[in-house]
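Colleague: Could we go through the sheets in this model and what packs on them? Please keep the answers short.

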Amino acid sequence: MTDTAYALEVRGITKTFPGVRALDEVNLRLKPGEVHALLGENGAGKSTLIKIITGIQPQDSGELIVNGEARSFRSAHEATRAGIGVVHQERNVITDFTVAENIVLGNTPVKGGRVQWREVREGAKRVLDLLDFPIDPATPTSLLSPAQTQLVEIARGLYTDSAVLLLDEPTASISETESKLLFDVVHRLSAQGRAILFVSHKLEEVFAHCDTVTVFRDGRSVAESEPLSNYSKDTIVDLLVGRTLAKLEVPDRSPSERGTPALELRDVSTFSGHRDVSFAVHPGQIVGIYGLVGAGRSELAKAILGLDRITEGEVLVNGSAAQIRSVGDALGRYGIGYVTEDRKAEGLFLDQTVARNLTVTVLKRLSNAFGFVRERAARATADEYIASLDVKVSNRDQLVGQLSGGNQQKVSLGKWLAANTDILIIDEPTVGIDVRTKGAFYQLIWALAEQGKAVLVISSDLAEMVTLVDRIVVMQDFEVTGSVLNSHEYDEMSKSVIRLIHEERIDVVEG
Amino acid sequence: MTSRSNRLTSVLSDNRVGLLLLIIVLVVLIGSLKPMFFSPAFVIGPMLTSIAIFTVVGLAQMVVLSVGQMNLAVGGMAAIGAMGSAIVFQAFDVPLIVGIAVGLVVGGAVGALCGVLIAYAGVNSFVVTLAMSFALLGLVPAVYSWVSTGNAITVQTPGLAELGRSKLSDLCIGDTCGPDGVPLILFVAVAAMIVIGLLFSKARIGREILLTGSSDRAALLSAIPVPRRIITVHTLSGMLAALAGFMLGASTGSFTPGIGQEFMLQSFLGPILGGTLLAGGYVSVIGTFLGITITVVIRQGLLLFGVGIEGLNILLGTILLIALSADRIRSVAGARSRLRASRQQSPAKSKEEAVVS
């Protein structure tokens with residue numbers, strides 16, 4: 001007997017890949033009108049289940065029941081027609097297309113072989129309005145920031161007007177305020193009786209917005225469609241990692257802000273539109289730059305590295321004016337490293353080995369007088385960072401593209417640790433990585449600061465900022481609107497930060 | 001699977017081994033049907049000379065493919081480089097080595113110009129080198145007709161004929177002479193292979209070039225001087241093309257504007273058959289040599305069977321097309337087998353990859 005009380009039901013689904021059981025008889029029941037969290041660490045099987053539900057991969061056994069009817073979709077298109085919409089974790093927009101074209105992609109309204117452009121524009125506008133995302137549907141997607149791109153992805157999921165909406169880490173790369181907008185939409189949709197399945201690594205979000213929870217660990221469901229109120233954050237984390245995880249020890253940090261800053265920006269204006277940006281990072285200090293999407297955070301990092309033109313003001317390194325024209329200059333002459341937010345496109349050479357990726361910034365140091373690479377030294381360097389960062393690899397010659405997200409992020413960071421720069425800019429240090437690895441990253445960044453390095457962290461995750469940094473600099477519209485010393489109290493900090501975003505420039509300096 | 005059988009499959013799946021086996025089969029087959037094929041003076045010697053010249057042309061293309069770009073002007077660069085050598089030989093009567101150096105400088109300069117336009121003006125390599133090949137197509141004959149009477153320069157510099165046309169059998173130590181049919185010029189190609197091989201396998205610059213080919217964006221953000229490396233490969237490509245042009249001139253004794261005319265197709269065939277990726281990031285020097293060898297063997301074999309030049313070109317074009325499809329198939333199959341291998345090594349982690357696949 002099938003039960004029509006569920007919009008979507010997963011019964012005993014198993015999926016085996018050569019040598020590994022990705023899903024082992026998992027169950028999940030999704031009711032209309034509920035927001036259901038699907039949790040699990042990287043590799044626990046969440047994405048595999050989503051691919052099965054949306055017809056991208058077939059299951060080996062088990063049933064998928066949609067509206068009381070056993071179904072198995074042979075293509076993503078069939079799943080869409082059955083009323084299942086999805087926002088995938090990987091960004092799948094076609095950058096040569098406009099925002100509107102991407103939103104209707106795969107469901108383009110066609111009549112008599114001709115694309116109905118008016119419908120395309122209006123449909124796209126409708127979902128963009130729903131998201132309160134003020135962008136012209138005719139904008140080429142190539143002009144968007146990663147976070148804006150993510151919003152387009154979400155808009156595509158909403159476009160098909162589905163009874164079941166699967167959101168696979170939609171908030172991984174967007175800021176707090178945008179997440180709020182997204183959740184407003186999610187609640188509105190669930191109030192209309194739609195069923196929402198929400199995959200996330202951010203437990204704060206899950207507890208704030210979800211009703212029910214399913215937890216996967218190593219391909220098994222260790223909690224199946226239970227009310228979230230039965231759990232606390234701690235008990236969920238226990239379920240996720242399968243043992244009681246030592247709570248993250250936040251060190252008591254109060255680095256000095258006296259003396260010459262390692263990195264200082266004085267009234268910097270840039271070609272891409274920053275105006276009079278000033279802040280300083282002292283040796284041993286961790287400064288965070290927080291702001292909404294489009295606030296110009298990553299662009300500022302790129303400007304410091306010489307990838308954008310600085311039109312006015314100056315960048316000072318250790319008190320003297322710096323002329324940085326390339327990342328090579330930043331590294332070679334000023335000792336500045338930069339870990340990018342987009343590890344796949346900008347951080348890593350996916351088809352090269354782990355060893356080659358880890359040694360890229362230190363090739364000069366690893367070469368002899370004739371310009372030949374000293375292989376033994378290169379291998380030793382690679383092994384050193386594989387060990388100290390606990391990168392899970394079969395050997396140093398494994399290709400980076402084969403590693404999991406967390407391990408890739410470790411390599412992306414590791415190549416800059418190898419460079420051993422006194423100043424390190426880290427853009428979105430933990431995007432898309434799980435709880436356990438996140439903790440390890442924070443420990444690592446604190447250790448860097450303890451060694452006297454100046455660390456600038458850019459993040460759209462306010463909880464991360466409050467945990468990690470010593471001072472939060474808030475950016476809005478390519479300007480710094482203020483900065484606050486971090487008290488490590490989430491509620492208090494989020495209030496100050498939101499105030500700085502929405503009010504005109506005031507310098508709130510506490511402590 | 002045991003590690004030994006693993007290693008065996010990986011050796012067999014290396015397409016260079018396949019190429020080598022194919023070359024042996026072809027040589028045996030053609031040789032048994034036409035024993036003439038083994039004649040040192042008439043077939044083996046000229047064939048090895050062609051292999052030597054085309055291998056250097058293949059390397060000229062390979063160094064640019066390493067960053068995921070291409071050089072459509074290899075023929076023109078070969079022509080202008082050879083012309084530079086010929087002019088200084090004729091006008092200033094310089095020694096052999098100086099003439100070669102001048103040719104390399106001329107070819108390198110033309111390559112560097114392309115590199116600068118690509119790296120700093122941001123124009124696509126296809127467009128820049130195509131335009132350059134047209135410019136050279138006009139410039140080279142114009143200069144020849146200006147400096148010489150018969151549209152060709154015959155060079156008598158001491159040593160040139162020996163380098164271009166002598167065989168190992170001409171070199172004797174006491175009574176022992178080298179084998180007949182092995183031209184001296186083959187060693188010029190071997191020297192070029194060693195230099196380029198060392199560059200890509202051992203040198204920092206080679207490593208930086210391959211990383212640029214793997215992802216230029218990531219290279220730029222990893223402090224690699226990407227524009228400089230793009231200029232490096234185009235300069236190198238121009239020099240290698242000029243070297244090949246000089247080799248062709250030396251092997252015939254006469255330098256003409258026609259040098260390099262048949263270089264372009266060959267320049268792509270060698271590296272691609274040999275496993276160099278069009279997308280950049282991976283090259284194979286030995287593969288380029290084997291790829292060139294197989295095309296030259298096929299060409300010589302068919303000539304013996306009386307197939308005309310038109311038929312040959314159709315065949316070579318077809319081979320290039322098949323090689324390009326194979327390039328695609330190989331990269332897909334390669335990714336799959338690597339994935340399988342890593343799964344077997346570490347089942348715990350492979351779930352993540354399974355999800356990705």
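Modeller: Keep in mind that this is a predicted model. Start with strands S9 (residues 164–168) and S10 (residues 195–199) of chain A, which are joined by five bridges.

Colleague: In which sense do S9 and S10 of chain A pair?

Modeller: Leu166(A) sits opposite Leu197(A) in S10(A). The sense of the S9–S10 pairing in chain A is parallel.

Colleague: Which strands of chain A stand at the edges of the sheet ordered S6-S9-S10-S3-S11-S12?

Modeller: That sheet is open, has six strands and shows mixed pairing. An edge strand has a single partner, so one of its sides lacks a neighbour in the sheet. Here the edges are S6 (84–87) and S12 (220–227) of chain A.

Colleague: What angle does helix H8 (residues 233–241) of chain A make with S11(A)?

Modeller: H8 lies across S3, S11 and S12 of chain A. Its angle to S11(A) is about 30°.

Colleague: Now the sheet ordered S18-S19-S20-S15-S21-S22 in chain A. Which residue is the bridge partner of Arg471(A) in S22(A)?

Modeller: This sheet is also open, with six strands and mixed pairing. S21 (residues 471–476) of chain A runs antiparallel to S22(A), and six bridges join them. Within S22(A), Arg471(A) is partnered by Leu485(A).

Colleague: Which strands does helix H15 (residues 435–450) of chain A touch?

Modeller: H15 packs on the sheet, with its direction at about 150° to that of S20(A). The strands touched are S15 (286–291), S19 and S20 (454–459) of chain A.

Notes
Residues numbered from 1 in each chain as written. Chains lettered and ligands numbered in written order. Predicted model: local features only at pLDDT ≥ 70, side-chain atom pairs only at ≥ 80, totals over all residues. Pairing = 2+ DSSP bridges. Helix = DSSP H or I, 4+ residues; strand = E, 2+ residues; numbered from the N terminus. Contact = placed C-beta atoms within 7 Å. Axes fitted to C-alpha atoms, helices over the stretch in contact; angles between N-to-C directions.
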